[in-house]
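This report covers the domain arrangement and a set of helix packings. The sequence and model are shown first.

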Amino acid sequence: MKPDALNGLCPYYTMYPLNFPLRALEEHGKRGDWVIDPFRGRGATNFAARLLETPSIGVDSSPVAVALAKAKLASAEPGQVVASAEAILNAAKAPTSVPSSEFWKLAYHDNTLTRLCQLREALLGECSSATRVLLRAIILGALHGPRPKGTPSYFSNQSPRTFAPKPNYAMKFWTARGMYPDDVDVLSVIKTRATRYLAYPLPDIDGKVELGDSRVADTFSDTPKARFVVTSPPYFGMRTYLPDQWLRLWFLGGHDYVEYRQPESQLKHSNAAHFAAEMGRVWKNVASRATDGARLIIRYGGIHDRAAEPMDVLKKSLIDSGWRIVTVRAAADSDSGRRQARQFQSVPKKAITEHDVCCHLA
Ligand SMILES: C[S@@+](CC[C@H](N)C(=O)[O-])C[C@H]1O[C@@H](n2cnc3c(N)ncnc32)[C@H](O)[C@@H]1O
């Protein structure tokens, strides 16, 4: 079993490969330096820091990102996670609320949905232990995905795994193909996944995972001084982080329907200049928490639905931010140029090359 297994426990929309933060920290850092990621997503930077026995802080304004990143810093035995799920299900009464629209009936078998609702209600009531944090993230990772020919590894009817199906499209898709959800053995999926992701013991390292808006200076007020900031901000035009995660958000206490409104806590994509200014606020905030000689390492790219040149947007955001660009390199991972752009179309267009930008404190 590989030590990086835990990083794969749930895909995240626009995730970067673990290699990126690992290489950045290995190249420039030493054990014990604090690392900040102000756009943390699923917590790959926190996880890379943990593997390198280095403390880290991650901030993100999406509750899904928080739930996943907390799990990247948690430790428990697979058996403890399974026992915790079993205890919840054995003690559970009928759930107080079960979504009942047509979409939900086609997305999940009645029995599967009842168990998911029981787990959801228990975890919403109490999720402070490492075991429950890991259980919650494992469920988020299994909530929707493809239906294999053999034993199910996801709870849902056929779906994408990275982002949640949109109800109208999914209902047409399932009905046209006569696809109905399986009665999935929820506990057995949790057991398989816990065994896969938690088999390798990892060091317990200092780390903080905050739900917050990185444009707000106060978000970083308790942050120790860091020598590294390693991150990947939203690409200009990518505004669907929350609607695309609506089923996982539901499991975390959100609505049982898609909310398309862009929340205030996400960077605004109204125009390139405004977007760059918003990113610039984040760079200033992290500069104020950086030690002498600190590095800011950014992976940045773009999507096809905007005319703005991604690197121009990023460079603009760094002007007067407290950081000075030292190198700009095309991202080394062969697949990386497609990674963030690919989720926008089923047949990916040629991706816009991603760049890794290294800055020093000015
Ligand atoms: C490109 S993703 C990061 C992906 C991450 N590198 C990974 O591998 O999972 C950008 C993240 O920025 C977050 N975000 C957007 N606006 C934010 C804000 N104002 N403050 C904090 N996070 C924000 C989004 O929720 C999203 O998770």
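## Domain interface

In this predicted model, 28 residues of domain 1 touch 33 residues of domain 2. Domain 1 comprises residues 5-74 + 206-361, and domain 2 covers 78-198. Between their C-alpha centres the distance is 28 Å.

Some 2,800 Å² is the approximate area buried between domain 1 and domain 2, and carbon and sulfur atoms account for 72% of that area. On the domain 1 side, the residues that lose the most area to domain 2 are Leu-247, Trp-250 and Phe-251, which together give 28% of what that side buries.

## Helix H3 against H7

Helix H3 spans residues 63-72 and helix H7 spans residues 130-142; their axes come within 9 Å and cross at roughly 125°. H3 and H7 are therefore oblique to each other. The crossing of this pair, H3 and H7, is left-handed.

From H3, the contact involves Ala-67, Leu-68, Lys-70 and Ala-71, while H7 supplies Val-133, Leu-134, Arg-136, Ala-137 and Leu-140. Sorted by class, the residues in the contact of H3 with H7 are seven nonpolar and two charged, with no polar ones.

## Helix H6 against H7

What is the crossing angle of H6 and H7? The axes of H6 (residues 110-125) and H7 cross at roughly 145° and come within 11 Å. The handedness of the H6 and H7 crossing is left-handed.

H6 contributes Leu-116, Leu-119, Ala-122 and Leu-123 to the contact, and H7 contributes Arg-132, Leu-135, Arg-136 and Ile-139. Six nonpolar and two charged residues make up the contact of H6 with H7, and no polar residue takes part.

## Helix H4 against H7

Helix H4 (residues 78-91) also packs with H7: the two axes come within 9 Å and cross at roughly 80°. That angle makes H4 roughly perpendicular to H7.

On H4, the contact residues are Gln-80, Val-81, Ser-84, Ala-85 and Ile-88; on H7, they are Thr-131, Arg-132, Leu-134, Leu-135 and Ile-138. The class count for the contact of H4 with H7 is six nonpolar, three polar and one charged.

## Shared residues on H7

Several H7 residues recur in these contacts. Arg-136 of H7 meets H3 and is also part of the contact with H6. Leu-134 of H7 appears in the contact with H3 and in that with H4. Arg-132 and Leu-135 of H7 take part in the contact with H6 and in the contact with H4.

Note on methods
Residues are numbered from 1 along each chain as its sequence is written. This is a predicted model: local features need pLDDT of at least 70, side-chain atom pairs count only at pLDDT 80 or more; totals for chains, interfaces and linings use all residues. Side-chain values use heavy atoms; hydrogens and water are left out. Axes are lines fitted to C-alpha atoms, for helices over the stretch in contact, and angles run from 0 to 180 degrees between N-to-C directions. Helices (H or I, at least four residues) and strands (E, at least two) are DSSP runs, numbered from the N terminus. Angles under 35 degrees count as roughly parallel, over 145 as roughly antiparallel, 65 to 115 as roughly perpendicular and the rest as oblique. A crossing is left-handed if the near helix is turned anticlockwise from the far one by less than a right angle, and right-handed if clockwise. Contact means heavy atoms within 4.5 Å. Ala, Val, Leu, Ile, Met, Phe, Trp, Tyr, Cys and Pro count as nonpolar, Asp, Glu, Lys and Arg as charged, and the others, Gly among them, as polar. Domain bounds come from an automatic or database domain assignment. Buried area is the accessible area (1.4 Å probe) that two parts lose on being put together, summed over both.
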